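Thanks for passing this one along. Here are my notes, in numbered points, for you to read alongside the model.

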Amino acid sequence: MMEKEFVILLHGMARTRHSKKALARRLEKNRYTVINDGYRSTAKTVSAIAETDLAPMVKKCENAGAGKIHFVTHSLGGIVVRCYLQDHRLPEGSRIVMISPPNHGSEIADAFRKLPLYRWLYGPAGTRLGTGPDSVPNRLGPVRAEIGVITGDRSLNPIFSWIITGKNDGKVSVNSARLDEMADFIVVHNSHSFIMQNKIVLEQTAAFLKTGKFDPEIR
């Protein structure tokens, strides 16, 4: 009997499950069972999202007899998974693809987190995604999992790019997306908001979930 493999998709800040529909369709073609549930990214802290939203998704997979539980995340979703994995383990062979994750925070949060409009739009999670040592991403420890990171180097917002240090996708710098324990890393020429719909990203995500590395032939 073939082992059941599930993929949990986690969208980014202030987005919905609809932003991951292209990924869901691509992975379903590879015969994964896809969980693409939305969550209220602007209403809770990162740890609350991990326990009240992500944990039930994982339990749904476990109850369905999952042999492997993979994750594909965008932006904030990657930080939620890292938070969840501080106290939980995935089945052997499970893999994670993080797309444009602010693994070391974003200068955008540093610049705007004290503004009432920003706090209203992005909530408690958004205000804790800065680059300082006390930000949520920088307080999380390493996680034991095979992780591939995809990020972008094209910005549609020159003001934000002026604030961010180095190459960036308009929200997150290329260097911030990196993670010490990652197994592979690639940069595509796309912006933060639309990178999860990029054809190369779709194909490379499927490649990493299958092999644990990105395919250099996919360009």
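1. Let me begin with Ser176, which sits in helix α8, a helix that covers residues 174-177. Please keep in mind that this is a predicted model.

2. Is Ser176 buried or exposed? Its relative accessible area is 5%, and buried means under 20%, so Ser176 counts as buried.

3. Which residues does Ser176 touch, once its neighbours within four places in sequence are set aside? The contacts are Pro101, Pro102, Asn103, His104 and Gly105.

4. Moving from the residue to the fold, the protein chain has 9 helices and 6 strands. Helix α8, the home of Ser176, is one of those helices.

5. On overall dimensions, the radius of gyration of the protein chain is 16 Å, which agrees with the value near 17 Å for a compact globule of 219 residues. Along the principal axes, the C-alpha atoms fill a box of roughly 55 × 40 × 30 Å.

6. Burial across the protein chain comes to 53% of the 219 residues, and Ser176 belongs to the buried group. As for contacts between residues at least 6 apart in sequence, 71% join residues at least 24 apart.

7. You may also want the surface figures. The protein chain has an accessible surface of about 10700 Å², and carbon and sulfur atoms account for 51% of that area.

8. Last, the charges: there are 31 positive and 21 negative side chains in the protein chain. The centres of these two sets lie 5 Å apart.

Technical notes:
Residues numbered from 1 in each chain as written. Predicted model: local features only at pLDDT ≥ 70, side-chain atom pairs only at ≥ 80, totals over all residues. Heavy atoms only, no water. Helix = DSSP H or I, 4+ residues; strand = E, 2+ residues; numbered from the N terminus. Rg over C-alpha atoms; globule rule 2.2 N^0.38 Å. Buried < 20%, exposed > 50% of the residue type's maximum accessible area, 1.4 Å probe, protein only. Contact = heavy atoms within 4.5 Å. Areas by Shrake-Rupley, 256 points an atom, 1.4 Å probe, with all protein chains shown as cover. Lys, Arg positive; Asp, Glu negative; His and termini not counted. Charge placed at Lys NZ, Arg CZ, Asp CG, Glu CD.
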